[in-house]
Structures are given as structure tokens and as C-alpha cells.
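Take a moment to look over the sequence and the structure. We will walk through them step by step.

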Amino acid sequence: MTRDQSAPISNLSRTTLSDGWCRLVEYAFDYHFADGRVVERSWEVCERPEATSVLVFDRSSRKFVLVRQFRVPVYAMGEGDGFFLETAAGLIDDGESPEETAIREVCEETGYHVEELLPIRAIIAAPGLMTEKIHCYAAIVDEGMRIGAGGGLDEEHEEIQVVHLAFDEAMAMVDSGEISDAKTIVMLQWAALNRDVFGL
Ligand SMILES: Nc1nc2c(ncn2[C@@H]2O[C@H](COP(=O)(O)OP(=O)(O)O[C@H]3O[C@H](CO)[C@@H](O)[C@H](O)[C@@H]3O)[C@@H](O)[C@H]2O)c(=O)[nH]1
Ligand SMILES: [Mg+2]
């Protein structure tokens, strides 16, 4: 096998090391270098379902609608109190399309009913670590489409604060590092390149 023929690996085997909330799998394989050398390698991969995230814009207030919640890994990294500002997001449940998940998660987390999603792109969250792909969308809503308080699901012990930010405020927070979530930065920068979509 050479690198010209699809993936540079052969003899792949998978061993599940842990199968909890995240599935940790060891991939063992022969790696074929471009110069013809072949070495045995292994890589631990965190296998994750696909996810969705939505940049919600309320045209009544002309503000983006983000969510803030306690994130254990953020706390574990020593990033302040662990509360983290992000676009609404969630994992795709069995049998759901990415669009169905996106609409459900926006409603659960922000209280807005979304009718139309504008695809931004799918992003790969951590390519050296896990299989997570996040389908990102924009959605334009208005005050009349606010059908609940949001805040997340009690049965999942979610405590989500809904945060409304003007475009300039949000971009200043990206600039200062107050917003440091990758998918949120990607989507806000997409908004900066496509301001007309939001009438900004
Ligand atoms: N992470 C995690 N979540 C757990 C666990 N056990 C239960 N949960 C519950 O699983 C639910 C996941 O909520 P979702 O809204 O579906 O997903 P999310 O955590 O918001 O994930 C989104 O954001 C992440 C961070 O940016 C992304 O990594 C992910 O792809 C997705 O976009 C939460 O209610 C959480 O309490 C656990 O051990 N770990
Ligand atoms: Mg979520």
C-alpha cells in the first residue's frame, strides 16, 4: 500500500478500552509512510456520536442567543469557575436527523422555536482525539417564537442560562477570550463574514 491509495494504514483492529459515556477505543494498525517504510502503531480514539450546534439570532432584539452552563472539563482545566458560554448544542439521538436535533436542542436550551435552519458547515471538534463532528447552523428567530424559558432539561440535571449578546459585544468577547469555545467562535466569525444574513 502506498499513500496514493486512500488511507495509509492496513491491518486495522479495534479494542474497546472503556465503554462509558465516552467510548475509548484503541486502534492498532500498520502505518505506511510515503517513503515505503511500514511501522506498527496504535492510537486511542474517543468515539462520539455526531452533534449539532446553532447560532441563534433574535431579530426583534438584534441579539445573538447563547447559553452558559457549568462544564466539568472546563473546570478541570482550571478555567475559572467552569461556567462556559457557547452556542446551543446537543448530541444527535438515535433516529434523529441533525436538523431535528438542532431544532430540539435550541428549544430545550433557549426556549425558541426554530422553523428554518441555515447550514453553516460541519466541524471536526478534536481531530487527534475523538470522532466528534458538529453540524453547525444559523437560525433567525423573533420574540414571538419564544415558546419557553429554555434552561435545559431537569431530568438531565441541566442548568442553562440564556445569554443575549449584540454582535459587537459577542465579537469583543471572542477577541478578549471570554468566548473561547471553538464551535461558537467559528459560527460568530461566519456571522462576521455574512452580516447581511442577519441584517447587521
Ligand atoms: N459530557 C457528559 N455528559 C453527560 C454525562 N452523563 C450524562 N450527561 C448528560 O448528557 C447531556 C448532554 O447534553 P447535550 O445538550 O445533548 O450535549 P452537550 O453536552 O451540550 O454537548 C454539546 O456541546 C459539547 C461541548 O461543546 C460538544 O462537545 C458536543 O458535541 C455538543 O455540541 C447533558 O444533559 C449531560 O448532563 C457524562 O458523563 N458526560
Ligand atoms: Mg447542550
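Which domains does the domain assignment of the protein chain give? There is domain 1, covering 9–47, and domain 2, covering 51–195. Their C-alpha centres lie 32 Å apart. Keep in mind that this is a predicted model.

Now for the whole chain. The protein chain has four helices and 10 strands. Read along the sequence, their order is β-β-β-β-β-α-β-β-α-β-β-β-α-α. Along its principal axes, the C-alpha trace spans about 60 × 40 × 35 Å. The protein chain has 200 residues, and buried residues make up 22% of them. Contacts tell us about the fold too. Take the contacts with a separation of 6 or more: 56% of them come from residues 24 or more positions apart.

Start at the beginning of the chain. Pro8 is found in the segment before β1. Pro8 has 16 other C-beta atoms within 10 Å, so it is partly exposed. Asp30 is 22 residues away from Pro8 in sequence. In space, the two are 8.3 Å apart, C-alpha to C-alpha.

Strand β1 covers residues 9–19, and Asn11 sits in it. Is Asn11 buried or exposed? Asn11 counts as exposed, because it has 9 C-beta neighbours inside 10 Å. Its backbone deserves a look as well. Most residues other than glycine have a negative phi. Asn11 is not a glycine, yet its phi is positive, near 55°.

Arg62 is another case. Arg62 is not a glycine either, and its phi is positive at about 55°. Look for Arg62 in the loop between β4 (51–58) and β5 (63–70). Arg62 is partly exposed, because 13 other C-beta atoms lie within 10 Å.

Next, turn to the ligand. Which residues come nearest to ligand 1? There are 15 residues around ligand 1, and Trp21, Ala51, Ala89, Gly90 and Glu156 come nearest. Two elements, β4 and β7 (88–91), give two or more residues each to this shell. Strand β7 gives the most, with three residues.

A database record adds to the picture. In an unreviewed entry, the UniProt annotation "binding site" covers Ala89, Glu105, Glu109 and Glu158. These residues are spread over 70 residues of sequence, but they cluster in space. The largest C-alpha distance among them is 12.6 Å.

Compare two of these annotated residues. Glu105 lies in helix α2, which runs over residues 98–110. Glu105 is buried, because it has 23 other C-beta atoms within 10 Å. Leave aside its neighbours within four places in sequence, and Glu105 is in contact with Thr52, Ala88, Ala89 and Gly90. One of these partners, Ala89, is also covered by the "binding site" annotation in the UniProt record.

Glu158 sits elsewhere, in the loop between β9 (133–141) and β10 (161–166). Glu158 counts as partly exposed, because it has 16 C-beta neighbours inside 10 Å. Not counting residues up to four places away in sequence, Glu158 touches Gln69, Gly152 and Leu153.

Move on to strand β8, residues 118–124, where you will find Ile123. Ile123 has 17 C-beta neighbours inside 10 Å, so it counts as partly exposed. Which residues does Ile123 touch, not counting those up to four places away in sequence? They are Ile134, Cys136, Lys183 and Val186. Take Lys183. Ile123 and Lys183 are 60 residues apart along the chain, but their C-alpha atoms are separated by 7.5 Å.

Lys183 leads us to helix α4, which covers residues 182–193. Helix α4 has 12 residues and reaches 17 Å from its first C-alpha to its last. That is close to the 16 Å expected at 1.5 Å a residue. The buried residues of α4 are Lys183, Thr184, Met187, Leu188 and Ala191. Why do they count as being on the same side of α4? They cover an arc of only 125° around the axis, and therefore they share one side. An α-helix has 3.6 residues a turn, so residues three or four places apart point the same way. On the other side of α4, Ala182, Gln189 and Leu193 are exposed.

Technical notes. Residues are numbered from 1 along each chain as its sequence is written. Chains are lettered from A and ligands numbered from 1 in the order in which they are written. This is a predicted model: local features need pLDDT of at least 70, side-chain atom pairs count only at pLDDT 80 or more; totals for chains, interfaces and linings use all residues. UniProt positions are given in the numbering used here, feature names are shortened, and annotations may be inferred rather than shown by experiment. A residue is buried if 20 or more other C-beta atoms lie within 10 Å of its own, exposed if 12 or fewer, and partly exposed in between; C-beta atoms are placed from the backbone. Two residues are in contact if their C-beta atoms, placed from the backbone, lie within 7 Å. Domain bounds come from an automatic or database domain assignment. The expected span of a helix is 1.5 Å times one less than its number of residues. The arc is that of the directions from the helix axis to the C-beta atoms. A residue is near a molecule or strand if its C-beta atom, placed from the backbone, lies within 6 Å of it.
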